[in-house]
Structures are given as C-alpha cells and as structure tokens.
Amino acid sequence: MNILLSCLSYREYTGSELYFYELSSALRSSGHIISIFSPFVDSPLRDQTKDITFPNKDEILRENYDLVLFSHGKVIWEYLKDVKTDKLINIIHSEVIDLEDPVNNSKIDLHVGIRPSIVEFIKRKIPTANVKLIYNPFDFTRFNAQRCKKKKSIKDKVVLFPGSLDYLRYKPLKYLLDLSEKQDFKVMHVGRSDYSTVHPNFATFEPTWNVEKYYKQCDIVSGIFLGRTSIEGLLCNKKVLQFDVDNRGSIKKVYWHTEKDLDKFDKCNVVKQFLNV
C-alpha cells in the first residue's frame, strides 16, 4: 500500500512526533510505501527515520494514496483536504489541546482515539462519527523489563518524569516535588523544559533518543494521562503514578495506573489494526 502520514511537526523526541515515527517505521517494516508530510521536518527525529520519503505540500497533491493517517486537526486538514486517497483517518492524541480537535468532514472515514477518554471526547464533539480505539504504538525491543531494569548501584528512590515540561505538566511536577520532601525521593525529568525549576530533589536532562538509560535509573514513572510516558513505564515494569489534568493543567486526579494487556501497545499489533479498518 501507498500510505501517507501527516502531522504538524516531525522534529523532536516527544509525544505525537514519536507516535508517527513508531507508526511509520512499523508500516515500512511491513512492506508498505510510506511518506510523511509535515510543515516542519528536521533533526533529530528525521535522522532516525529510514526508507521513508518526505514530500512537500505540492507533491502530496499529485500522488494517489491507498491510506492517509493524520493528526493536528484543522491545521493539517488544510493541506490534506484535496489529497487523493481511498481511505482517510483522523488520529486524535489529546482531549485537552485545541489543536487536537477532531475534523468534522464527510471525507474522513474514521476517527481514532489513542486512549478511551479520547474516544469519548470525539463522540461528544462529533456524535455521528465513526470512532475506533487504537492505542499508542511502542517498540517492545526497546522498552521492556529486562532491558530497563534499575541499576543496583543506584540507591536513591527515583521518580522519572519524562516529557515536555509545559503548562500541562507544571502542576504535576510541583506536586511530585512537594511530595518528595515528605517521602524522601528524587525526581528526574527528561525532555524539553518551558519552565526553570530549582529544587534539591530535582534534576532535568535534555531530550534524548536513548531515553531507556533513564528508565534504568528509576523505580517509578510519572506522567499525564495514558500517554507515552505511562506506557513506557508499564512496559519497563515500573510502577506508574499518573495525573489527569484539565486544559489549563490543573490536576483532576492522581492515581496508580495498571494495565492487564500490554500487547495492545505493540506497534506491530497497532499497525495491523490500522490496515484492517
């Protein structure tokens, strides 16, 4: 199949950009012809991407696709609305970010939510939409209990808080740092930082492809919603402390998250679901 994937940005080791990396690499490994269109393509993520083309906004209009998968709502829809394809799927990554609002257009065959709460969000936004739950794709050869076991040399209790430290994660981080003073643990952040944070129990590190090295240093993983952070933690056999927040970043719920079926996150299984819709 000739498949086009499209998202707002394909540059950084974060959230939806890594989603499209994992999805595209799994589709390519399955023997399909894969292209990615994004208005913003750059290193370092592009450097990790193999055997995949990056057409521009004019080239995608000259091609005939079997399947188009896209995110980031109306912004990307303006580029894709005249693309020729047999099937068009809008993937939604968040229920609290306006950029992720589902596109309401008769050309779209299916809306996909990556967690149950997003499926319900789509149904509220577009009651007549055809909606399916397909979880985030992950590389099980990278994220697993054996490969990410904590090093015996690390004696401190460590909570890993990966992801972009933006307005949605600022209050959860403050919650963890306040708790660390009472329960004597360290908080380690990996990712982009929009806020300067100084605390004796806190350390932050730049985004990296080799994020597994930080999973080898922690006991607990923490993040917002059932996103990449929580799932990577579960795959690495870590306890996962999860925050649900509203669209301003205020904390709605704090809880230990567990999952019985981790195979639904295997990128090979995720790809099969997209190909069979």
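**Close-up 1. Cysteines without a bridge.** At 0% relative accessibility, C7 counts as buried, since the cut-off for that label is under 20%. This is a predicted model, and a search through the whole structure turns up 0 disulfides. C148 is a good place to check that by eye: the nearest cysteine sulfur belongs to C236 and sits 3.3 Å away, and C148 is in no disulfide. A pair has to come within 2.5 Å to be called a disulfide here, so 3.3 Å doesn't make the cut. C148 is buried too, with a relative accessible area of 0%.

**Close-up 2. Helix α1 against helix α8.** Here we zoom in on α1 (residues 15–29) and α8 (residues 267–275), which pack with their axes 9 Å apart at an angle of about 75°. That angle makes α1 roughly perpendicular to α8. On the α1 side, the residues to display are Y19, E22, L23, S25, A26 and L27. Across from them, α8 puts in K267, V270, V271, F274 and L275. Sorted by class, the contact of α1 with α8 has 8 nonpolar, 1 polar and 2 charged residues.

**Close-up 3. The largest nonpolar core.** This core has 34 residues, and the members touching the most other members are L5, L23, L69, I91 and F274. Plenty of elements chip in: β1 (2–6), α1, β3 (33–37), β6 (67–70), β8 (88–92), β9 (110–113), α4 (116–125) and α8 each supply at least two residues. Helix α1 gives the largest share of this core, with 7 residues.

**Close-up 4. I91 and its contacts, plus a second core.** If you leave out residues up to four places away in sequence, I91 touches Y19, L23, L69, F70, S71, E100, V112, I114 and F274. Elsewhere there is a second, separate core of 18 residues, and C148, V190, V211 and C218 are among its members.

**Close-up 5. A cis peptide bond at P44.** Most residues other than glycine have a negative phi, and most peptide bonds are trans. The bond joining S43 and P44 is cis, with omega at about 10°. To find P44, look in the loop between β4 (40–41) and α2 (45–48).

**Close-up 6. Two positive phi values, at F225 and N237.** F225 isn't a glycine, yet its phi is positive, near 55°. F225 sits in the loop between β14 (220–224) and α7 (228–235). With 8% relative accessibility, F225 counts as buried. N237 also has a positive phi, about 65°, and isn't a glycine either. This residue is in the loop between α7 and β15 (239–245). Its 62% relative accessibility makes N237 exposed.

**Close-up 7. F143 in its loop.** F143 belongs to the loop between β10 (131–133) and β11 (158–162). Its relative accessibility is 3%, so F143 counts as buried. Around F143, and not counting residues up to four places away in sequence, the contacts are V211, E212, Y215, E232, L235 and C236. For a sense of scale, try V96: F143 and V96 are 47 residues apart in sequence and 27 Å apart in space, C-alpha to C-alpha.

**Close-up 8. G223 on strand β14.** This glycine lies in strand β14. With a relative accessible area of 3%, G223 is buried. Neighbours within four places in sequence aside, G223 is in contact with F161, T229, L241, Q242 and F243. Between G223 and P116 there are 17 Å in space, C-alpha to C-alpha, and the two are 107 residues apart in sequence.

**Close-up 9. L61, a partly exposed loop residue.** You'll find L61 in the loop between α2 and β5 (64–65). L61 has 34% relative accessibility, so it counts as partly exposed. Setting aside neighbours within four places in sequence, L61 is in contact with Y79, D82, V83 and K84. As for K87, L61 and K87 are 26 residues apart in sequence and 15 Å apart in space, C-alpha to C-alpha.

How values were computed
Residues are numbered from 1 along each chain as its sequence is written. This is a predicted model: local features need pLDDT of at least 70, side-chain atom pairs count only at pLDDT 80 or more; totals for chains, interfaces and linings use all residues. Side-chain values use heavy atoms; hydrogens and water are left out. Axes are lines fitted to C-alpha atoms, for helices over the stretch in contact, and angles run from 0 to 180 degrees between N-to-C directions. Helices (H or I, at least four residues) and strands (E, at least two) are DSSP runs, numbered from the N terminus. Angles under 35 degrees count as roughly parallel, over 145 as roughly antiparallel, 65 to 115 as roughly perpendicular and the rest as oblique. Contact means heavy atoms within 4.5 Å. Ala, Val, Leu, Ile, Met, Phe, Trp, Tyr, Cys and Pro count as nonpolar, Asp, Glu, Lys and Arg as charged, and the others, Gly among them, as polar. Buried means under 20% relative accessible area, exposed over 50%, partly exposed in between (1.4 Å probe, protein chains only). A nonpolar core is a set of buried Ala, Val, Leu, Ile, Met, Phe, Trp, Tyr and Cys residues joined through side-chain atoms within 4.5 Å.
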